[in-house]
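Colleague: Could you take one part of this model and walk me through it closely? I would love to hear how its surroundings fit together.

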Amino acid sequence: EIPATGPARLSGDADGSGKVDILDALAVLQASVGWNTPIDRGASDVDGSGKVDILDALRILQYSVGWDVELK
């Protein structure tokens with residue numbers, strides 16, 4: 001649910017930059033392997049699995065290079 005006074009969450013925007021790009025995929029990969037990388041977990045779970053993992057990073061990478069991938 002989007003807060004009434006806050007900005008909308010952009011699906012896939014793991015680093016909070018306001019856009020979805022390869023840096024978001026890198027952040028999700030780093031967080032997935034246990035690096036101390038802060039990410040927006042709500043925006044990072046792009047496949048709706050309930051966890052943030054390498055599959056989410058793959059979807060962000062595909063989206064970033066222009067593949068026909070929808071981020072939810």
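Modeller: Happy to! Let's start with Ser11, which is buried at a relative accessible area of 14% (buried means under 20%, exposed over 50%, partly exposed in between, with a 1.4 Å probe and protein chains only). A word on the basis: this is a predicted model, in which local features need pLDDT of at least 70 and side-chain atom pairs count only at pLDDT 80 or more, while totals for chains, interfaces and linings use all residues. Residues are numbered from 1 along each chain as its sequence is written, and side-chain values use heavy atoms, with hydrogens and water left out.

Ser11 sits in the segment before α1 (helices are DSSP runs of H or I with at least four residues, strands are E runs of at least two, numbered from the N terminus). Setting aside neighbours within four places in sequence, Ser11 is in contact with Val20, Ala43, Val46, Leu71 and Lys72 (contact means heavy atoms within 4.5 Å).

One of those partners, Ala43, belongs to helix α2 and is buried, with a relative accessible area of 2%. Not counting residues up to four places away in sequence, Ala43 touches Arg9, Leu10, Ser11, Gly12 and Asp13. Its C-alpha atom is separated by 5.2 Å from that of Gly12, although the two residues are 31 apart along the chain.

Further along the segment comes Ala14. With neighbours within four places again left aside, Ala14 contacts Asp24, Ala27, Val28, Pro38, Ile39, Asp40 and Ser44. In the largest nonpolar core, which has 13 residues, Ala14, Val28, Ile39, Ile60 and Leu71 touch the most other members (such a core is a set of buried Ala, Val, Leu, Ile, Met, Phe, Trp, Tyr and Cys residues joined through side-chain atoms within 4.5 Å). α1 (22-32) and α3 (54-64) each supply at least two residues of this core, and α1 gives the most, with four.

Those two helices also pair up: the axes of α1 and α3 come within 8 Å and cross at roughly 170 degrees (axes are lines fitted to C-alpha atoms, for helices over the stretch in contact, with angles from 0 to 180 degrees between N-to-C directions). The contact is made by Ile22, Asp24, Ala25, Val28, Leu29 and Ser32 of α1 and Ile54, Asp56, Ala57, Ile60, Leu61 and Ser64 of α3.

Within α3, the buried residues are Asp56, Ala57, Ile60 and Gln62, and their cover includes α1 and α2 (41-44).
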